[in-house]
Amino acid sequence: MHLNSKATRGAGYISVNETFTDQKGNQYNLFMNGLKEENKDAMLHALSLYYDADSEDGLTIYDDAFADAEKYDDYANSDNVVSYAEMDPEVDNDSEQCWAGAAADALWVTGWAEKLQNPITGNAFSSEDDVFRYYNRKITNDGSESSAAVDFLFMGELYVDPAGSNHMAGFLNDPSPEDGLMKSFFSSNMITQYDLIEEPDNIEALKHCGDQGSDASDFTLDLSDIVSDEELSSAVHAVSAIGVITDPNAANTKESMKAILIVDPDNDAQPSETDGIGENPTLEEKDAAKEARPNSVTVYNLQYTKDPNDVPYWLMKGYASSETILGSAIYGVTEIPHYSEDIIAANTETEGTKSAYDSVDLSLETLFTTSESEAMDLIPRDELKEVTVNEFSSGDPVNLNFLIANRGNVMLDEDYLNGKDLVVDWSVVRDGDGSVVAKDRLVTDDPVFERSVTAYLITLNQDGDKTVSWDPGDYTVTLDLNTDRSVPEAYYLNNVPKEYHFTIK
């Protein structure tokens, strides 16, 4: 349905924390960001008339003022499946860039993008479509993560969590000094990621969409297809989330979270005759077609459920990419706060080079313990549980696996080190009395390629040739990377100590 609110596109969105009553007399709370003053009342009125908590279908609401960056090419629902090798980046393919579209929406609604200048046009970003266009002109048409899109915009890094994705989008052209539009700002620290599989109640974070003023947030979602009798797959699609509907009288989170409001980069994605363009449109014609499409928000009811392996998840009822898909599970959400000078001041890099294109940028990733004797390389997040050992018997070797990530665009090797050592300091503390039972430092010597990781292993209870048997109890191991900052990096703000906990029975 159409709001016809007369609100117009542009910057300056508001959030609402309001109540509405449906046609059956039920009262609900709406927590929502991405509205204008001119369409707030119209949105609440539309929900009161058309929202149905028992519906198995989505309710799509159109209004010109919504932020809705849409992809143009969507081969997922087409008979013309085109591989990346067959795609020509010069013709503006964007079929795999849902993550960039979702990030563009969130960065525009929260006011960050409007503060930045688009190097391609030389002007300030003018819309969420303009932000998405920037991503599309700079990055290959591959899957990635919305968090990577955020860091690319601000820092010039394009790095993907190795346990979070099987994809790695790259640069269409070589990294350059113009990449990173606010280089001193370490944007990774403003992002908060919530896992909804391990902690389903984290869905409560979406209520932040309704916080007032500069405290409001916007979100991107990672979605997984649900197929009958099959376990959850890895995340396959990204959308932006601008709100939730809750039942104020429900007893707990699982009963209170009724619906989610999303903006999908795949809305109306298929080119059609109504776009008014021919078979071989120019980039400008495609851009105009994207922006001319109606902007929309869709409301999907939520259901807390479990897969055949008893893994809990939140189902978006009615959201399906094909007839074989029953719906989509929300894997996790990424929170992006509203623009804040305080956030910038608290996360400004002072010592690093602030130039990911000509420096390495190191961080510790994906810590887990095993009794295996070799370091384990890239492990998808949904397989970590299978390989991780949290409880050991006395006398077992306790091996800590971890990855050193290079988020920058230069390889860490002997030439870059220039005779210096990259070290990881580590210690193991017995939780009961706080005593240090082991500590050492690991000097790394393997090259870490740009935007990639290298796996390492430390046998924590090894003293020379023998394994030291510790008393039963709970232990914490702490890792610290490049503590003396002898190795130059783009950013040191992500060199924070990492902890991991395990138990000896």
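Start by selecting Asp-41, which lies in helix 1. Helices here are DSSP runs of H or I with at least four residues, strands are E runs of at least two, and both are numbered from the N terminus. Asp-41 is exposed, with a relative accessible area of 55%. In this tour, buried means under 20% relative accessible area, exposed means over 50%, and partly exposed is in between, using a 1.4 Å probe and protein chains only.

Before moving on, know that this is a predicted model, where local features need pLDDT of at least 70, side-chain atom pairs count only at pLDDT 80 or more, and totals for chains, interfaces and linings use all residues. Residues are numbered from 1 along each chain as its sequence is written, and side-chain values use heavy atoms, with hydrogens and water left out.

**Stop one: a charged patch**

Keep Asp-41 selected and add Glu-18, Glu-37 and Glu-38: together these four form a negative surface patch. Helix 1, residues 37–50, supplies the largest share of the patch, three residues. Patch members have over 30% relative accessible area and no salt bridge, with like charges joined within 9 Å and nonpolar side chains (Val, Leu, Ile, Met, Phe, Trp, Tyr) within 5 Å. Asp and Glu count as negative, Lys and Arg as positive, while His and the chain ends are not counted. Each charge is placed at NZ of Lys, CZ of Arg, CG of Asp or CD of Glu. The areas come from the Shrake-Rupley method with a 1.4 Å probe, and for residues only the protein chains shown count as cover.

**Stop two: salt bridges**

How many salt bridges are there? The count comes to 19, taking a salt bridge as a side-chain nitrogen of Lys or Arg within 4 Å of a carboxyl oxygen of Asp or Glu.

Pick Asp-52 and Lys-24, whose closest N and O atoms are 3.1 Å apart in a salt bridge. This pair links distant parts of the chain, 28 residues apart: Asp-52 is in the loop between helix 1 and strand 3 (59–62), and Lys-24 in the loop between strand 1 (14–21) and strand 2 (27–35). Asp-52 is partly exposed at 28% relative accessibility, and Lys-24 is exposed at 52%.

Next, select Lys-138 and Asp-179, a salt bridge at 3.0 Å, N to O. Lys-138 sits in helix 3 (residues 128–138) and Asp-179 in the loop between helix 4 (146–155) and strand 4 (192–195), so the pair ties together parts 41 residues apart in sequence. Are these two buried or exposed? Lys-138 is buried at 14%, and Asp-179 is buried at 2%.

Now go to Arg-407 and Asp-361, another salt bridge, with closest N and O atoms 3.6 Å apart. Arg-407 is in the loop between strand 13 (399–406) and helix 9 (414–417), while Asp-361 is in the loop between helix 7 (341–346) and strand 11 (362–370), 46 residues away. Arg-407 is buried at 10% relative accessibility, and Asp-361 is buried at 0%. Add Asp-151 and Glu-157 to your selection to see a network of salt bridges linking them with Asp-361 and Arg-407.

**Last stop: two backbone oddities**

Most residues other than glycine have a negative phi, and most peptide bonds are trans. Select Thr-366, which is not a glycine yet has a positive phi of about 50°. Thr-366 is in strand 11 and is buried at 17%. Finish on Arg-451, also not a glycine, with a positive phi of about 50°. Look for Arg-451 in the loop between strand 15 (436–444) and strand 16 (452–459), where this residue is buried at 17% relative accessibility.
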